[in-house]
Amino acid sequence: ITGAITHDGDHLVVPTRTGMMRLCISNGEMDFEVELGLGWRNGILTTDDAFWQGDESGNIWKVSRNGTSSLIADLGGSIRHAPIQTSSGIFVHVQRGATSTIHLLNVTNGSTVTIHQGGASPAIPISNERYVVTGDSSFLSIFDCERNCSLVSEHPTTTNGELAWGSAQTVWYPVNQLNGNWAVTTITESGNITSTVNFSTPHDGYGTAAPSFGESRIAMGNDAGVLMMYVQPLTVTTDSQDYDWVPIVGAILLISILSIGAYASSINRNE
């Protein structure tokens, strides 16, 4: 098992070396196991009626919920990620030696179109419903898939593993080089890249694993097997309109009353 396992209700759908299986989580009972193409790092897309998976020959397979498989498209190359469902079709990044190509599959008629040619060794793309972010040995690329998955912007880099969404429209990814670090690219609501900053550690180097984010921590690991945990700084801001003035006002009134009482006593006391 080299691809990502996915949840399907109370079941798991597992990409095997040569196919796919569906298992019940509670007791491990197998619903089906099918033989497809040879796979590597090829995860599974789950839709309402089927499961979709690519293989090392560039084939896209559709497996119905009863376990019936069918070959939908042959794109050549190698598909090493879970296909991504978008409103424009199923998005697939295919590895082809020194280059790569990106395709859209029409789920209705099975037709495919090539929308972009990228660099070598593509990363595992990610999506936030509207935008799909890809990476390879040449660029980090942003595609707007609200209508036709058109290329919006690119940033030159080398990233060949996992990408991850951070907070506030940021994408985190490892820069897969000898002295590589992690990079953080910020994109606008329209998909344009505004900035990219580097996040360096004492253990920079080759890396393909994306960071993982907790409530206040970031876990990251590199290809040398070093796992690091960072605490995210917490910024606290105070709005003057939300400040509770009752204690201060109360203290001022109390001091005023005591001062008036003390003055009244001082002018009326006997010699």
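**View 1. Strands E1 and E2 pair up in this predicted model.** E1 and E2 (residues 11-15) run antiparallel to each other, with 3 bridges between them. To find the pairing by eye, look for His 7, whose bridge partner in E2 is Leu 12. Step back a little and you'll see that these strands belong to an open sheet of 4 strands, in the order E1-E2-E3-E4 with antiparallel pairing. E1 (6-8) and E4 are the edge strands, each pairing on one side only. On average, neighbouring strands here are turned by 20° against each other, ignoring direction. If you're new to sheets, it helps to know that strands pair through backbone hydrogen bonds, either parallel or antiparallel.

**View 2. Another open sheet has the order E5-E6-E7-E8.** Its 4 strands pair in the antiparallel sense. Strand E5 (44-46) and strand E8 (69-74) sit at the edges, and each of them pairs on one side only. Neighbouring strands of this sheet are turned by 25° against each other on average, again with direction ignored. Between E5 and E6 there are 3 antiparallel bridges. A handy landmark here is Leu 45, which stands opposite Trp 52 in E6.

**View 3. Two phenylalanine rings, Phe 32 and Phe 51, make a tilted pair.** How many aromatic pairs are there in the model? The count comes to 5. In the one shown here, the ring centres of Phe 32 and Phe 51 lie 6.3 Å apart and the planes meet at 45°, so the pair is tilted. The two residues come from distant parts of the chain, 19 residues apart: Phe 32 belongs to strand E4 (residues 30-35) and Phe 51 to strand E6 (residues 50-54). Are these two residues buried or exposed? Both Phe 32 and Phe 51 are buried.

**View 4. Phe 199 and Tyr 230 meet edge-to-face.** Their ring centres are 5.1 Å apart and their planes stand at 80°, so this pair counts as edge-to-face. Here too the partners are from distant parts of the chain, with Phe 199 in strand E21 (residues 193-199), Tyr 230 in strand E24 (residues 227-231) and 31 residues of separation. Phe 199 is partly exposed, at 22% relative accessibility. Tyr 230 is partly exposed as well, with a relative accessible area of 25%. Widen the view and Phe 199 and Tyr 230 turn out to belong to one aromatic cluster with Trp 172 and Phe 213.

**View 5. Strand E19 is covered on both faces.** All 5 of the 5 residues in E19 (residues 170-174) are buried. Which residues lie on which side? Thr 170, Trp 172 and Pro 174 are on one side, with Val 171 and Tyr 173 on the other. That back-and-forth pattern is a familiar one: in a regular strand the side chains alternate between the two faces of the sheet.

**View 6. E19 pairs with E18 and with E20.** E18 (residues 164-165) runs antiparallel to E19 and is joined to it by 2 bridges. Ala 164 has Trp 172 of E19 as its bridge partner. The hairpin of E18 and E19 has 4 residues between the strands, and there Ala 168 takes a positive phi near 55°. E19 also pairs with strand E20 (residues 182-187), antiparallel and over 5 bridges. In that pairing, look for Pro 174, whose bridge partner in E20 is Trp 182.

**View 7. The largest nonpolar core has 12 residues in all.** Its members include Ile 126, Tyr 131, Leu 140, Leu 163, Val 171, Tyr 173 and Ile 187. Which strands each supply at least two residues of this core? They are strand E15 (131-135), strand E16 (139-144), E19 and E20. Val 133 is a good place to zoom in: leaving out residues up to four places away in sequence, Val 133 touches Pro 125, Ile 126, Leu 140, Ser 141, Ile 142, Leu 163, Trp 165 and Val 171. Apart from the largest core lies another, of 11 residues, including Leu 45, Leu 75, Val 94 and Leu 105.

**View 8. Confidence stays low over residues 234-241.** For the protein, the mean pLDDT is 91, and 94% of the residues reach 70 or more. Residues 234-241 stay under 50, and the model has 1 contact for them beyond four places in sequence. Where pLDDT is low, the predicted coordinates should not be read in detail.

Notes
Residues numbered from 1 in each chain as written. Heavy atoms only, no water. Buried < 20%, exposed > 50% of the residue type's maximum accessible area, 1.4 Å probe, protein only. Pairing = 2+ DSSP bridges. Phe/Tyr/Trp six-rings, centres within 6.5 Å; stacked < 30°, edge-to-face > 60°. Core = buried A, V, L, I, M, F, W, Y, C linked by side-chain atoms within 4.5 Å. Contact = heavy atoms within 4.5 Å. pLDDT = per-residue confidence, 0-100. Axes fitted to C-alpha atoms, helices over the stretch in contact; angles between N-to-C directions.
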